[in-house]
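Biologist: Please take a close look at the aromatic rings. Then work outward from them to the rest of the fold.

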Amino acid sequence: MNITVKPPAKTAKLTDAELAERKRRDAAVRASFAIEGIAYTAEEEALFESMDREGLTADECTQRIIEFCRQRGRTKSPA
């Protein structure tokens, strides 16, 4: 499944310090998920990597994740 998420409107990007802090928190979340046996899919990994690369703010990330989930829900086959 290939999901395309449109980029948000232009806004201020995160500073290097803010991005470093987010990556530090993300590592802690991933470690917690690993303990629980939860792993990101390749598509989820790509989504989070693209948000970091673009330096999106928390609000922009939220919008991107919501859009991603909506698109993924539309592409899943009914059970």
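**The aromatic rings and their surroundings**

Modeller: The count comes to two aromatic pairs, in what is a predicted model. Phenylalanine 33 and tyrosine 40 form an edge-to-face pair, with 5.8 Å from centre to centre and 75° between the planes. That pair is called edge-to-face because its angle of 75° is over 60 degrees. Tyrosine 40 also pairs with phenylalanine 48. Here the centres are 5.0 Å apart, the planes make an angle of 35°, and the pair is tilted. An angle of 35° is not under 30 degrees and not over 60, so the label is tilted. Phe33, Tyr40 and Phe48 form one aromatic cluster.

How buried or exposed are these rings? Phenylalanine 33 has 29% relative accessibility. For tyrosine 40 the relative accessible area is 24%. For phenylalanine 48 it is 21%. Buried would require a value under 20%, so Phe33, Tyr40 and Phe48 each count as partly exposed.

Now set the cluster in the fold. The protein has three helices and zero strands. From the N terminus on, the elements run α-α-α. The helices are α1 (16-36), α2 (42-54) and α3 (58-75). By these ranges, Phe33 falls in α1 and Phe48 in α2. Tyr40 falls between α1 and α2.

Next to Phe48 in sequence is Leu47, which belongs to the largest nonpolar core. That core has five residues: Leu47, Met51, Leu56, Cys61 and Phe68. Both α2 and α3 supply at least two of them. Leucine 47 itself touches Arg64, Ile65 and Phe68, leaving out residues up to four places away in sequence. By the helix ranges, those three partners fall in α3. In the protein as a whole, 22% of the 79 residues count as buried.

The core residue Leu56 leads to another site. Leucine 14, in the segment before α1, is in contact with Leu56. Its other contacts beyond four places in sequence are Leu19, Arg22, Gly55 and Thr57. Leucine 14 and glycine 55 are 41 residues apart in sequence, yet their C-alpha atoms are 5.1 Å apart. Leucine 14 has a relative accessible area of 21%, so it counts as partly exposed.

Leu14 also leads to the largest pocket, which holds about 220 Å³ of space. Its lining has 13 residues, and the closest to its centre are Leu14, Arg22, Arg25, Ala58 and Cys61. Cys61 is thus listed for the pocket and for the core. The helices α1, α2 and α3 each supply at least two lining residues. The largest share, five residues, comes from α1. By class, the lining has six nonpolar, one polar and six charged residues.

One last value covers the fold as a whole. Among contacts with a separation of 6 or more, 71% join residues 24 or more positions apart. The contact between leucine 14 and Gly55 spans 41 residues in sequence.

Notes:
Residues numbered from 1 in each chain as written. Predicted model: local features only at pLDDT ≥ 70, side-chain atom pairs only at ≥ 80, totals over all residues. Heavy atoms only, no water. 1 Å grid on protein atoms, 1.4 Å probe; cavity = no way out; pocket = protein on both sides within 12 Å on 5 of 7 lines; lining within 4 Å. Points joined across faces, edges and corners; volume = space filled by probe spheres on them. Helix = DSSP H or I, 4+ residues; strand = E, 2+ residues; numbered from the N terminus. Nonpolar A, V, L, I, M, F, W, Y, C, P; charged D, E, K, R; others polar. Core = buried A, V, L, I, M, F, W, Y, C linked by side-chain atoms within 4.5 Å. Buried < 20%, exposed > 50% of the residue type's maximum accessible area, 1.4 Å probe, protein only. Contact = heavy atoms within 4.5 Å. Phe/Tyr/Trp six-rings, centres within 6.5 Å; stacked < 30°, edge-to-face > 60°.
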